[in-house]
Amino acid sequence: MIKFNNIKYQYQAQDFCFDFNIDSGSLVAILGESGAGKSTLLNLAAGFISPIEGDICIDNNSVINVAPHLRPLSMLFQEQNLFAHLKVVDNIGIGLNPGLKLSSSQSQSILDICQQLGIDDLLERFPEQLSGGQKQRVALARCFVQNKPLLLLDEPFSALDPVLRTEMLAIVKELAHVNKVTVLMVTHHIADALSVASHFVFIEQGNCTAVEKISVLNNLHINSKLCQFVEAGL
């Protein structure tokens with residue numbers, strides 16, 4: 001369970017308020033106009049910024065006073081943040097140990113996740129030798145190998161072509177299910193939300209107070225709020 005308990009934050013003249021719960025195992029698409037507060041929500045969860053009021057709990061434990069690198073979560077940005085001087089295996093392993101002093105079980109975990117992602121034949125390559133999609137798989141492997149209960153995705157696949165983006169989202173959905181990971185995913189693509197998300201969050205002018213379930217009945221049925229976003233082209 002992820003809880004945002006009356007979280008309040010202020011940036012310049014904009015006030016933000018987040019107050020909602022997310023069930024464990026959910027894949028939540030975060031939707032809203034540019035500047036509404038989608039990335040702010042993720043940055044608060046990650047600890048990159050601090051609220052002026054409220055609490056954030058992950059599995060019933062407050063993380064408000066926990067440093068970002070100690071929080072039980074991983075995060076993937078649009079930029080993969082791969083280290084050009086490190087091979088793929090080390091770019092993934094650094095998520096487990098910054099000094100790359102890995103145990104045999106950790107090395108096996110890297111191999112296992114790479115096999116799931118279909119990149120086990122790329123372990124000895126450097127980032128410059130990879131395609132954009134391969135780089136994203138490596139960055140995703142670094143997230144999942146950490147075995148954290150929460151994964152934050154800040155539009156990591158937005159620069160990919162539609163076919164590759166759909167493929168990456170399907171991989172995220174499958175790995176999240178297999179590894180029992182809760183996912184918060186910022187996206188501007190309604191199709192992404194409808195294809196993989198179990199729930200969605202709407203953020204308007206810095207406010208969100210509910211997480212709603214995406215339902216599919218007969219033909220695609222979505223609530224009126226989501227229809228408004230579809231019609232607006234968001």
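Helix axes here are lines fitted to C-alpha atoms over the stretch in contact, and angles run from 0 to 180 degrees between N-to-C directions. The model in these views is predicted.

**View 1. Helices H4 and H5 pack against each other at an angle of about 15°.** H4 covers residues 132–144 and H5 covers residues 162–179, and their axes sit 11 Å apart. Angles under 35 degrees count as roughly parallel, so that is what H4 is to H5. As for handedness, H4 passes H5 in a right-handed crossing. On the H4 side, the contact residues are Gly-133, Gln-136, Arg-137, Leu-140 and Phe-144. Across from them, H5 brings Leu-164, Glu-167, Met-168, Ile-171, Val-172, Leu-175, Ala-176 and Asn-179. Residues three or four places apart point the same way, because an α-helix has 3.6 residues a turn.

**View 2. Leu-140 is one of the H4 residues that meet H5.** Leu-140 has a relative accessible area of 0%, so it counts as buried. Leaving aside residues up to four places away in sequence, Leu-140 touches Leu-76, Leu-117, Leu-151, Met-168, Ile-171 and Val-172. Of those, Met-168, Ile-171 and Val-172 also appear on the H5 side of the helix pair. Cys-114 is 26 residues from Leu-140 along the chain, and the C-alpha atoms of the two are separated by 9.6 Å.

**View 3. Strand S7 pairs with S6 and with S8.** S7 spans residues 150–154, and 5 of its 5 residues are buried. Leu-150, Leu-152 and Asp-154 point one way from the strand, while Leu-151 and Leu-153 point the other way. S6 (residues 73–77) runs parallel to S7, with 5 bridges between them. Here Phe-77 has Asp-154 as its bridge partner in S7. With S8 (residues 182–186), S7 is again joined by 5 bridges, and that pair runs parallel too. Look for Leu-153, whose bridge partner in S8 is Met-185.

**View 4. An open sheet is built from 5 strands.** The strand order reads S5-S4-S1-S2-S10, and the pairing is mixed. S5 (61–62) and S10 (207–208) are the edge strands, each pairing on one side only. Inside that order, S1 and S2 run antiparallel and are joined by 8 bridges. Ile-2 makes a handy landmark: its bridge partner in S2 is Ile-22.

**View 5. Aromatic rings come together in 4 pairs.** The centres of the Phe-4 and Phe-20 rings are 4.9 Å apart and their planes lie at 25°, so this pair is stacked; the cut-off for stacking is planes under 30 degrees apart. Phe-4 belongs to S1 (residues 2–11) and Phe-20 to S2 (residues 14–22), so to speak a link between distant parts of the chain, 16 residues apart. Phe-4 and Phe-20 are both buried. Tyr-9, Phe-16 and Phe-18 are tied into a cluster by ring pairs.

**View 6. Helix H1 is mostly covered.** H1 runs over residues 38–46, and 7 of its 9 residues are buried. The buried ones are Lys-38, Thr-40, Leu-41, Leu-42, Leu-44, Ala-45 and Ala-46. Just after the helix comes Gly-47, with a positive phi of about 90°.

Definitions and conventions: Residues are numbered from 1 along each chain as its sequence is written. This is a predicted model: local features need pLDDT of at least 70, side-chain atom pairs count only at pLDDT 80 or more; totals for chains, interfaces and linings use all residues. Side-chain values use heavy atoms; hydrogens and water are left out. Rings of Phe, Tyr and Trp (its six-membered ring) pair if their centres lie within 6.5 Å; planes under 30 degrees apart count as stacked, over 60 as edge-to-face and the rest as tilted. Helices (H or I, at least four residues) and strands (E, at least two) are DSSP runs, numbered from the N terminus. Buried means under 20% relative accessible area, exposed over 50%, partly exposed in between (1.4 Å probe, protein chains only). Two strands pair if DSSP finds at least two bridges between them. Angles under 35 degrees count as roughly parallel, over 145 as roughly antiparallel, 65 to 115 as roughly perpendicular and the rest as oblique. A crossing is left-handed if the near helix is turned anticlockwise from the far one by less than a right angle, and right-handed if clockwise. Contact means heavy atoms within 4.5 Å.
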